[in-house]
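Reader: I have the coordinates open beside me and would like to go through them with you. Could you start with a contact you find worth a look, and then we move on from there?

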Amino acid sequence: MTAFDPSIYSPRADLLLGRVILVTGAGSGIGRALALDLAAHGATVALSGRSIRKLEHVYDEIAASGYPQAALVPLDLENALANQYDALAEALDREFGRLDGLVHNAAILGTRAPIAHFDVPTWCRVLQVNLTAEFALTQVCLPLLEKSADASLIYTTSGVGKLGRAYWGAYAVSKFGVEGLAQILAHEYEGNDRLRINLVNPGATRTDMRALAYPAEDASRLRTPAEITATYLYLLGPDARGVTGQRLDCQP
Ligand code: NAP
């Protein structure tokens, strides 16, 4: 298999027509840009996130552009209880009867600090939002993904999800966990050509999270979220059929 090159991938306009795709953290940053781009390529996007106001804004942007009508499925990944996960899956099942894609995008940075002094409540919060909530959401959405003829599950990782670096603490550990979760699931679904499971590493991107991690950086040199979505589109569409258990970069 030749390596996927996002710089030359050119998704056709109707790549995702008719597909129902759930995106977490869709109210801002990469998730917002991705939701808009998925809708622009024909997908019906289920917008999830903690701020309903931000999600409604994206919903309105999609409507104003004439793209397929989106759905609002807010969920606070830090505080949601089991019945709220179930309710989200039930709402999607009622409305669409299946899911063709799920992008686990929402995450928090927490603080950057040495392990010796890392604040324990912050550690727990980051692991909850970035890892445990993804496991729980995956679990309730798998039956919906299994109802699709061609489903794609995407987890978002980071450079520090593969190689530990000083002071990245809970965030890096959560992404190591996400990589493990995706690898385990891909192994469990090996041989199932109707559900692919992959990891995406966005690379340095101009968002609030990046600004929090690198406050002194000149952000104008970074790619914008809208410039890095090609890898997600590829994995969510039919061109990636059979591609599973991979870790793809959005940037060289
Ligand atoms: P961002 O701008 O901070 O956006 C994060 C999103 O997650 C926001 O929409 C946020 O919602 C949502 N979120 C946070 N806590 C939540 C909660 N408790 N429940 C539900 N949603 C919650 O970050 P980003 O840069 O776009 O990051 C997107 C993904 O890319 C993350 O997984 C991140 O780790 C990864 N990544 C980013 C970079 C980069 O350079 N930007 C590099 C590598 C990996 P609110 O808007 O309501 O806060």
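Author: This is a predicted model, and I would begin with the side chain of His41, which has a polar atom 2.9 Å from the backbone oxygen of Asp37.

Reader: Where do Asp37 and His41 sit?

Author: Asp37 is part of helix 1, whereas His41 belongs to the loop between helix 1 and strand 2.

Reader: And is His41 buried or exposed?

Author: His41 has a relative accessible area of 12%, and because the cut-off for buried is under 20%, His41 counts as buried.

Reader: What does His41 touch, apart from its neighbours within four places in sequence?

Author: His41 is in contact with Pro11, Arg12, Ala13, Asp14, Leu15, Leu16 and Leu17, and also with Leu233. Leu233 turns up again for Asp37, whose contacts beyond four places in sequence are Thr229 and Leu233. In the same part of the chain, the C-alpha of Ala230 lies 9.1 Å from that of Asp37, although 193 residues separate the two in sequence.

Reader: How far is His41 from Ala182, then?

Author: Those two are 26 Å apart, C-alpha to C-alpha, with their positions 141 residues apart in sequence.

Reader: Let me switch to the interior. How many residues are in the largest nonpolar core, and which have the most contacts inside it?

Author: That core has 43 residues, and those with the most contacts inside it are Leu22, Tyr85, Leu145, Leu153, Tyr155 and Ile197. Two or more residues each come from strand 1 (20-23), helix 3 (82-96), helix 4, strand 5 (151-156), helix 5 and strand 6 (195-201). Helix 4 provides the largest share, 12 residues. There is also a second, separate core of 34 residues, which includes Ala39, Leu55, Tyr234 and Val243.

Reader: Take Leu145 from the first list; what does Leu145 touch?

Author: Setting aside residues up to four places away in sequence, Leu145 touches Leu99, Asp100, Gly101 and Leu102, then Ala151, Ser152 and Leu153, and finally Leu195.

Reader: What about a charged residue, say Arg196: buried or exposed?

Author: Arg196 is a residue of strand 6, and at 3% relative accessibility Arg196 counts as buried. The side chain of Arg196 makes a polar contact, at 2.6 Å, with the side chain of Asp150.

Reader: And Ser48, where is that, and why does it count as buried?

Author: Ser48 lies in the loop between strand 2 (44-47) and helix 2. Ser48 counts as buried because its relative accessible area is 4%, and the limit is under 20%. Beyond four places in sequence, the contacts of Ser48 run from Leu22 and Val23 through Thr24, Gly25, Ala26 and Gly27, and they also take in Leu55, Val73, Pro74, Leu75 and Leu88.

Reader: Now pockets. What is the volume of the largest one, and which residues lie nearest its centre?

Author: The largest pocket holds about 1100 Å³ of space. Its lining consists of 47 residues, with Asn105, Ala107, Ile108, Thr207 and Met209 nearest the centre. By class, the lining has 18 nonpolar, 19 polar and 10 charged residues.

Reader: Which helices supply at least two residues of that lining?

Author: Helix 1 (29-40), helix 2 (52-64), helix 4 (120-145), helix 5 (169-188) and helix 6 (208-213) each do so, and helix 6 gives the most, with five residues.

Reader: Something exposed to finish. What can you say about Ile115 and Gly66?

Author: Ile115 sits in the loop between strand 4 (101-104) and helix 4 and counts as exposed, with 60% relative accessibility. Not counting residues up to four places away in sequence, Ile115 touches Trp123 and Gly169, and its C-alpha is 12 Å from that of Tyr171, 56 residues away along the chain. Gly66, in the loop between helix 2 and strand 3 (71-72), is exposed as well, with a relative accessible area of 62%. Gly66 and Thr122 are 56 residues apart in sequence and 41 Å apart in space, C-alpha to C-alpha.

Reader: One backbone check: what is phi of Tyr167?

Author: Phi is near 75° there, a positive value in a residue other than glycine, and Tyr167 lies in the loop between strand 5 and helix 5.

Conventions. Residues numbered from 1 in each chain as written. Predicted model: local features only at pLDDT ≥ 70, side-chain atom pairs only at ≥ 80, totals over all residues. Heavy atoms only, no water. 1 Å grid on protein atoms, 1.4 Å probe; cavity = no way out; pocket = protein on both sides within 12 Å on 5 of 7 lines; lining within 4 Å. Points joined across faces, edges and corners; volume = space filled by probe spheres on them. Helix = DSSP H or I, 4+ residues; strand = E, 2+ residues; numbered from the N terminus. Nonpolar A, V, L, I, M, F, W, Y, C, P; charged D, E, K, R; others polar. Core = buried A, V, L, I, M, F, W, Y, C linked by side-chain atoms within 4.5 Å. Buried < 20%, exposed > 50% of the residue type's maximum accessible area, 1.4 Å probe, protein only. Contact = heavy atoms within 4.5 Å. Polar contact = N/O pair within 3.5 Å; in protein donor to acceptor, adjacent residues only side chain to side chain.
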